[in-house]
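Got the model open in your viewer? Keep the selection tool handy, and we'll go from stop to stop.

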Amino acid sequence: ILWVILVYAPITHWVWGGGFLATLGELDFAGGTVIHVNAGVSGLVLVYLLGNRSDYKKSSVRPASVKLMILGSALLWFGWFGFNGGSQLAADGIAANALLVTNVAAATGALSWLLIEWFTSKSKPTLIGSASGVVSGLVGITPAAGFVDVSGALVIGIGSGVIGYLGVVKLKKWLGYDDTLDVFGIHGLCGAFGAIATGIFANPAINELGIGALYGNPGQIWIQIQSVFY
């Protein structure tokens, strides 16, 4: 309750309520900074405040049921269409584009994570990794869904899979924190990547409100970077 009131609500106002990030010109279609970066960084702070579980690194951290994990990931993938497409608050071309690029980014996120596992691990690619890649791609495309085309979604999906993998498999091990559901590694890092990538790939042919660096507005990247750090 306190987090929603003291953290989420003010940041939502900054971006979507006419606050200073809206005035700055940040592009955040469905909540890359409002939801994912916000929750990811908050999760990391709380992880360090609470400390690791007493049996961390002594017991298995794999899901108790891979079947339920896959089912949950599938429900997330399906639900994300409403999450991103519904953010337009209208049944129009921008909403339809959001549905399309959401699916593209999720699929390419899964493929990029799967390929990294395939080439870097001694075992076969895993369903757990593929599902994590799906969520990474979904997170990455969230701020961009109403602004980028399919080519932009492909890059964001691939990049999100790579960044999510590095955050979950490498960064967490390096820093030694106990992030049970990899909120920072996937939501925090992929949300930040997607927000910045929106400043690159925002296509005015998709949404006239968003003009990225590739379409003559390189300053949008700096706006997105500032918004992530704020």
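A word on classes before the first stop: Ala, Val, Leu, Ile, Met, Phe, Trp, Tyr, Cys and Pro count as nonpolar, Asp, Glu, Lys and Arg as charged, and the others, Gly among them, as polar. This is a predicted model, in which local features need pLDDT of at least 70 and side-chain atom pairs count only at pLDDT 80 or more, while totals for chains, interfaces and linings use all residues. Residues are numbered from 1 along each chain as its sequence is written, and side-chain values use heavy atoms, with hydrogens and water left out.

**Stop 1: a pocket**

Select Glu26, Leu27, Asp28, Phe147 and Leu209. Of the 14 residues that line the second largest pocket, these lie nearest its centre. A pocket here is an open set of points on a 1 Å grid over the protein atoms alone, where a 1.4 Å probe fits, with protein on both sides within 12 Å along at least five of seven lines; lining residues have an atom within 4 Å of a point. The volume of the second largest pocket is about 220 Å³, counted as the space filled by probe spheres set on the points, with grid points joined across faces, edges and corners. How does the lining divide into nonpolar, polar and charged residues? Eight are nonpolar, four polar and two charged.

**Stop 2: aromatic rings**

There are eight aromatic pairs in the structure. Rings of Phe, Tyr and Trp (its six-membered ring) pair if their centres lie within 6.5 Å; planes under 30 degrees apart count as stacked, over 60 as edge-to-face and the rest as tilted. Pick Phe20 and Tyr230 to begin with: the ring centres are 5.2 Å apart and the planes stand at 80°, so this pair is edge-to-face. The pair links distant parts of the chain, 210 residues apart, with Phe20 in helix H2 (residues 20–24) and Tyr230 in the segment after helix H9 (219–229). Helices are DSSP runs (H or I, at least four residues), numbered from the N terminus.

Are these two buried or exposed? Phe20 is partly exposed at 39% relative accessibility, and Tyr230 is exposed at 53%. The cut-offs are under 20% relative accessible area for buried, over 50% for exposed, and partly exposed in between (1.4 Å probe, protein chains only).

Now jump to Tyr177 and Phe184, whose rings have centres 6.4 Å apart and planes at 75°, so they too make an edge-to-face pair. Tyr177 is buried at 1% relative accessible area, and Phe184 is buried at 13%.

Before moving on, add Trp14 to Phe20 and Tyr230, and you have one aromatic cluster.

**Stop 3: helix H3**

Select residues 32–50, which make up helix H3. At 1.5 Å a residue, its 19 residues should span 27 Å (the expected span is 1.5 Å times one less than the number of residues), and the end C-alpha atoms are 26 Å apart, which agrees. Colour by burial, and the buried residues in H3 include Gly32, Val34, His36, Asn38, Gly43, Leu44 and Val47. What covers them? Among the elements doing so are helix H1 (2–16), helix H4 (66–85), helix H6 (127–141), helix H8 (183–201) and H9. Just past H3 comes Gly51, with a positive phi near 85°.

**Stop 4: H5 against H7**

Go to Thr108 in helix H5 (residues 93–120). Thr108 is buried, with a relative accessible area of 12%. Leaving aside neighbours within four places in sequence, Thr108 is in contact (heavy atoms within 4.5 Å) with Ala153, Leu154, Gly157 and Ile158.

Follow that to Leu154 in helix H7 (residues 150–175). Leu154 is partly exposed at 36%, and beyond four places in sequence it touches Val104 and Thr108. Draw a C-alpha to C-alpha distance from Leu154 to Leu175: 21 residues apart in sequence, 30 Å apart in space.

Back in H5, click Ala96, which is partly exposed at 44%. From Ala96 to Lys170 is 74 residues in sequence and 36 Å in space, C-alpha to C-alpha.

**Stop 5: positive phi in two loops**

Select Leu89, in the loop between H4 and H5. Leu89 isn't a glycine, yet its phi is positive, about 60°. Leu89 is exposed, at 78% relative accessibility.

Finish on Asp182, in the loop between H7 and H8. Asp182 is also a residue other than glycine with a positive phi, near 55°. Is it buried or exposed? At 15% relative accessibility, Asp182 counts as buried.
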